[in-house]
Amino acid sequence: MTVGSGSGLPPGLPFPRRILAGDTIEAARALLGARLVRLAEPAATTDDSSDDDRVAHRRVGRIVEVEAYIGEGDRASHARMGRTARNAVMFGDPGIAYVYLVYGMYHCLNVVTEPDGRPAAILIRAVEPIAGVAAMRGARAADATRRGRNLRHVADHRLAAGPGLVCIAFGIDRAMTGLDLCDPASTIGLETRPTGEPAPMVEATPRVGVGYAGEPWTSAPWRFVVPGSRALSLVRSGSVS
DNA sequence: GCAAAGATTTGCT
DNA sequence: GCAAATCTTTGCC
């Protein structure tokens, strides 16, 4: 059997860095429909593991929800207090991963955008599982166990339906900050939409959980979703859309 | 050096 | 619908 994407479609191309180097809003819209990929784990033993085994564990998700954080002036952005030890990568080159711990319990994956010197990033809030669903479910179950719980029934399409859940399902943590998401050799990466798949519809809404920022930042329509996707994060009722 | 809040998720009332 | 879990980062004394 030939090595493929694991989804029946041809493997995608690395996501173009030039798109991430440009306007963050444009880049955020372009990321919808693109793929988040986690490479297969290295074989535990080098002798008896086949390529097929590794392909089977490759995780792929279709990005359906993102948020843009743009510049030091954005009072909702981690860059609002200027360059710090935590957010330094946001000020660097586009295409790099920025992963932070939120509420002391969950990780959030961001893609750095805009040229070196301009702090901006896109938060990956939700993806639809396409391949490696068993590995995602296994990661969710292992995480639940770590927290002293059992993973209740979760439909496949809800396995990565939130920014914290994306990181759990794909095994992403702060140690991955600095990874080049445009490099196919990186453990975590981005790929373009497969050839022939139509571009998704895009809807803009205010960002989630940024009430502390104040206007106009709280209401800025910088959250982008693929309307109707079953994998969208649950937004608290009362939030504006 | 200490206190407060956060780009979330889950479970119980 | 609300609060707890959990800890890093930031802001202020």
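Helix α5 supplies the largest share of the surface near DNA strand B, with 3 residues. Near here means that a heavy atom of the residue lies within 4 Å of the strand, and helices (H or I, at least four residues) and strands (E, at least two) are DSSP runs numbered from the N terminus. The model is predicted, so to speak of local features a pLDDT of at least 70 is needed and side-chain atom pairs count only at pLDDT 80 or more, while totals for chains, interfaces and linings use all residues. Residues are numbered from 1 along each chain as its sequence is written, chains are lettered from A and ligands numbered from 1 in the order in which they are written, and side-chain values use heavy atoms, with hydrogens and water left out.

Staying with the DNA, 21 residues surround strand B, and the closest are His 78, Tyr 100, Asn 110, Gly 164 and Tyr 212. Sorted by class, this surface has 11 nonpolar, 6 polar and 4 charged residues; Ala, Val, Leu, Ile, Met, Phe, Trp, Tyr, Cys and Pro go down as nonpolar, Asp, Glu, Lys and Arg as charged, and the others, Gly among them, as polar. On the DNA side, 61% of the strand B atoms within 4 Å of the protein belong to sugar or phosphate, and the rest to bases. Asn 110 goes for a base: a polar atom of its side chain sits 2.7 Å from a base nitrogen of DNA strand B. Phosphate oxygens of the strand lie 3.1 Å from a polar backbone atom of Pro 163 and 2.3 Å from a side-chain N or O atom of Tyr 212. Two or more residues of the surface come from each of β3 (97–102), β4 (106–112), β5 (120–131) and α5 (163–170).

Now for the chain as a whole. Chain A has 5 helices and 8 strands, which run along the sequence as α-α-β-α-β-β-β-β-α-α-β-β-β. Of its 241 residues, 45% are buried, that is, under 20% relative accessible area (exposed is over 50%, partly exposed in between; 1.4 Å probe, protein chains only). Among contacts (heavy atoms within 4.5 Å) with a separation of 6 or more, 67% join residues 24 or more positions apart.

Helix α2 (residues 24–31) has Thr 24, Ala 27, Ala 28 and Leu 31 buried. These four span an arc of only 100° around the axis, so they sit on the same side of α2; the arc is taken from the directions from the helix axis to the C-beta atoms. The buried residues pack against α1 (17–21), β2, β4, β5, β6 (188–191) and β8 (223–225). At the start of the helix, a side-chain oxygen of Asp 23 comes within 3.1 Å of the backbone nitrogen of Ile 25, and just after α2, Gly 33 has a positive phi of about 95°.

Two arginines are tucked away as well. Arg 38, in strand β1 (residues 35–38), is buried at 10% relative accessibility, and a polar atom of its side chain lies 2.8 Å from the backbone oxygen of Gly 171. Beyond its neighbours within four places in sequence, Arg 38 touches residues including Arg 58, Phe 170 and Met 176. Arg 58 itself lies in the loop between α3 (51–56) and β2 (59–70) and is buried too, at 13% relative accessible area. Its side chain makes a polar contact with that of Glu 191 (3.4 Å), where a polar contact is a pair of N or O atoms within 3.5 Å; within protein, one must be able to donate a hydrogen and the other to accept it, and residues adjacent in sequence count only if both atoms are side-chain atoms.
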